[in-house]
Amino acid sequence: MKTKLFVDKNLKIGPISDRLFGSFIEHLGRAVYTGIYEPGHSLADKDGFRSDVIDLIKKLNVPIVRYPGGNFLSGYNWEDGIGPKNDRPTRLDYAWQTIEDNQFGTDEFMKWCQKANIEPMMAVNLGTGTPKDAGNIVEYCNFPQGTHYSDLRIKNGSKQPYNVKYWCLGNEMDGPWQIGHLSAQDYAKKALETAKIMRWVDPSLKLIACGSSGAEMPTYPDWDRIVLETLYDQVDYISMHRYYWFQDTLENFFASYKDMDDFIHTIRATADFVKAKKRSKKTMKISFDEWNVWYLNEWKPAGWQKAPHILEDQYSLKDALVFSGMLNTLVNNADRVEIAALAQLVNVIAPIFTKENGGVFKQTIFYPFYAVSNYGRGEALRCIKTGPTFDSKYGATAYVSESVSFNETKREIAVFLVNYAKEAMDIELELRSFGAIHALDHLLLHHDNLDIKNTFEHEHVKFTKGALPLIKDALAELKLEPLSYHVLRFKY
Ligand code: AHR
C-alpha cells in the first residue's frame, strides 16, 4: 500500500495556537488529590504539589489548564474552596458521587498554575450556580482591590489579582446527566445574563459558551445554533467535547479522527450560519475543551469516598493510535480551533498516572501529545493526500492520518503520521516548496501487541528511533510499520 502526501508551504491552514495543547483538571477521582496535590508525599513541595507530576507536565509543554470541571462544576460552590483549610466544608459531590473536602480550591489552583507555568482557564457553575455567583468569582480572581471579594482574595494571601482571561460558561449543559441540565433556550438565557455580569466586572474576559457534548447528542446541532443565536455577540468561543472508545470494530475505532473532523466541520458551519443570519463580521472560534479516548461505558460510582480510583483508564497502543489521529484533526482545524483541552491531565483519563505515596508513569498517550505539543507548533499546512481507504461507520477513511506544520523561525517542518493499516505503508512526501531539506529525526511508536499498555514497572510503549526517510530532490520516502505512529522532523 502507498500513500502520497503533497505538502506546499503556501497551502496554509493557519497559525497553530499554543492553547491547542491545553489540558484539564477536574475535582474527580484522583486528578487533584494524590494527582497534582499530595501533601506529605516525599516529592511534594511546601504547598503539597507533587514535583514529579509538575516535571512531566512541563515536558508535555501544556500552556493552559481548564478547572474545576467538568460535571463536578455544576454542583460546586467555589466559596467552599477558599479561606482557612480547617474552616472549609466537606460536601457531597453529586456528579461523581464522591466526597469533596475542599482542601484544594481556587487559590491552590492559581498557585499550582504559577509553579507549573500554566495559564488558568476557569469555568463557572451554571447548573446550580447563579449569574451573581459567577460575577463574584470573577471579582475574587480579577478585581484589583477595595471590594468584598477582591479584599477576601487579598486576605487569603494573594495581593495581586489572578487576571484569569478564559472562562467557560458552564459545562455540558446539554447533557441530561448534568446537575441542573437546561434546554438550549434556557441555557442561552442564563449564560447571557451571566456573561453580562462577568464582563461588567472585567470587560477583558474571553468567554466560552457550552456547545454540544458530542455528535451523538439528540439536540446536536440545534443546540449549538440556538445557543449561538442568543450568545453570538457576547462570547468568543463555542465549546466542543468528544470522547471515543473501542466498541465494536477496529475500523470504526480507527476512523474516530475522521468523525471528529466531521463534527468540527458541522460546528463551523452552524456557527457560520448564525454569523450570516446576524450579518456579523465576527467569526466564532472553537474551544475543543474536552477530548480523549475514554471507556466511559466502564465508569461506575465507587461510593461516597474522597478521591476514589475512578476513570483511571489505562491506555493501550491501540488507544494511542486513535488519540494521535484526534491530535492530527485538531491541528488540521487550527484556523478555527484556538483552544483545546486534553481531558484530563493526571490519573483521570490521563497521560500521567501516579501512585499515592509512590511513583508516576507515562501512559501510551503521553508520547503523541508530547511530540505534537513540542514539535508541532508553528503554521499548520493542508496536505493533498492520495492513498487507500477503509470502510467505517463514519464513511470511507484514509489509512493514513496526517498533520504537517512548519516553524519559520527554526526552519523546521514536522510531520505526524498514523498508519491504521495492518500492513506496512509506503509514504511519498513531497516537500519541494521548502527548497533543500534534510531529515532531523524520526520518532516511532510501535509494538507487535496492539493491546499492550504501560505500567509503573514497564514502559512498553514509548518512542524509539525510526529509520530516517530517504530524500531525493525534496521527495522524502519511507515505510511505515503496520499500526504505528511517526513523528518526522526536517530542516529546510
Ligand atoms: O472528563 C470527564 C467528564 O466528561 C467531564 O466531567 C464531563 O464534562 C464530561 O462528560
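**Helix packing and a buried serine in the predicted model**

The buried residues of α2 pack against α1 (51-60), β4 (64-67), β7 (119-124), α3 and α4. In this predicted model, helix α2 spans residues 106-115 and is mostly covered, seven of its ten residues being buried. The buried positions of α2 are Thr 106, Asp 107, Glu 108, Phe 109, Met 110, Trp 112 and Cys 113. After the helix comes Asn 117, which has a positive phi, near 55 degrees.

Two of the elements against which the buried residues of α2 pack, α3 and α4, also pack against each other. Helix α3 (residues 131-142) and helix α4 (residues 148-155) have axes 7 Å apart, and the angle between them is about 45 degrees; the two helices are therefore oblique to each other. The crossing in which α3 passes α4 is right-handed. On the side of α3, the contact is made by Asn 136, Glu 139, Tyr 140, Cys 141 and Asn 142, while α4 contributes His 148, Tyr 149, Ser 150, Leu 152 and Arg 153. Sorted by class, the contact of α3 with α4 comprises four nonpolar, four polar and two charged residues.

A further helix pair is formed by α6 (222-231) and α8 (residues 256-277), whose axes come within 9 Å and cross at roughly 35 degrees. Here, too, the crossing is described as right-handed, with α6 passing α8. From α6, the residues Asp 224, Arg 225, Leu 228 and Glu 229 meet Ile 267, Thr 270, Ala 271, Phe 273, Val 274 and Lys 277 of α8. The contact of α6 with α8 divides into five nonpolar residues, one polar residue and four charged residues.

Asp 224, which belongs to the α6 side of that contact, is also linked to Ser 212, since the side chains of Ser 212 and Asp 224 are joined by a polar contact of 2.5 Å. Ser 212 lies in the loop between β9 (206-209) and α6, and its relative accessible area of 1% means that Ser 212 is buried, the cut-off for this class being under 20%. When residues up to four places away in sequence are not counted, Ser 212 touches Asp 174, Tyr 220, Trp 223, Asp 224, Ser 239, Met 240, His 241 and Phe 263. Among these neighbours, Asp 224 is thus both a residue touched by Ser 212 and its partner in the side-chain polar contact, and Asp 224 takes part in the meeting of α6 with α8 as well.

Key:
Residues are numbered from 1 along each chain as its sequence is written. This is a predicted model: local features need pLDDT of at least 70, side-chain atom pairs count only at pLDDT 80 or more; totals for chains, interfaces and linings use all residues. Side-chain values use heavy atoms; hydrogens and water are left out. Helices (H or I, at least four residues) and strands (E, at least two) are DSSP runs, numbered from the N terminus. Buried means under 20% relative accessible area, exposed over 50%, partly exposed in between (1.4 Å probe, protein chains only). A polar contact is a pair of N or O atoms within 3.5 Å; within protein, one must be able to donate a hydrogen and the other to accept it, and residues adjacent in sequence count only if both atoms are side-chain atoms. Contact means heavy atoms within 4.5 Å. Axes are lines fitted to C-alpha atoms, for helices over the stretch in contact, and angles run from 0 to 180 degrees between N-to-C directions. Angles under 35 degrees count as roughly parallel, over 145 as roughly antiparallel, 65 to 115 as roughly perpendicular and the rest as oblique. A crossing is left-handed if the near helix is turned anticlockwise from the far one by less than a right angle, and right-handed if clockwise. Ala, Val, Leu, Ile, Met, Phe, Trp, Tyr, Cys and Pro count as nonpolar, Asp, Glu, Lys and Arg as charged, and the others, Gly among them, as polar.
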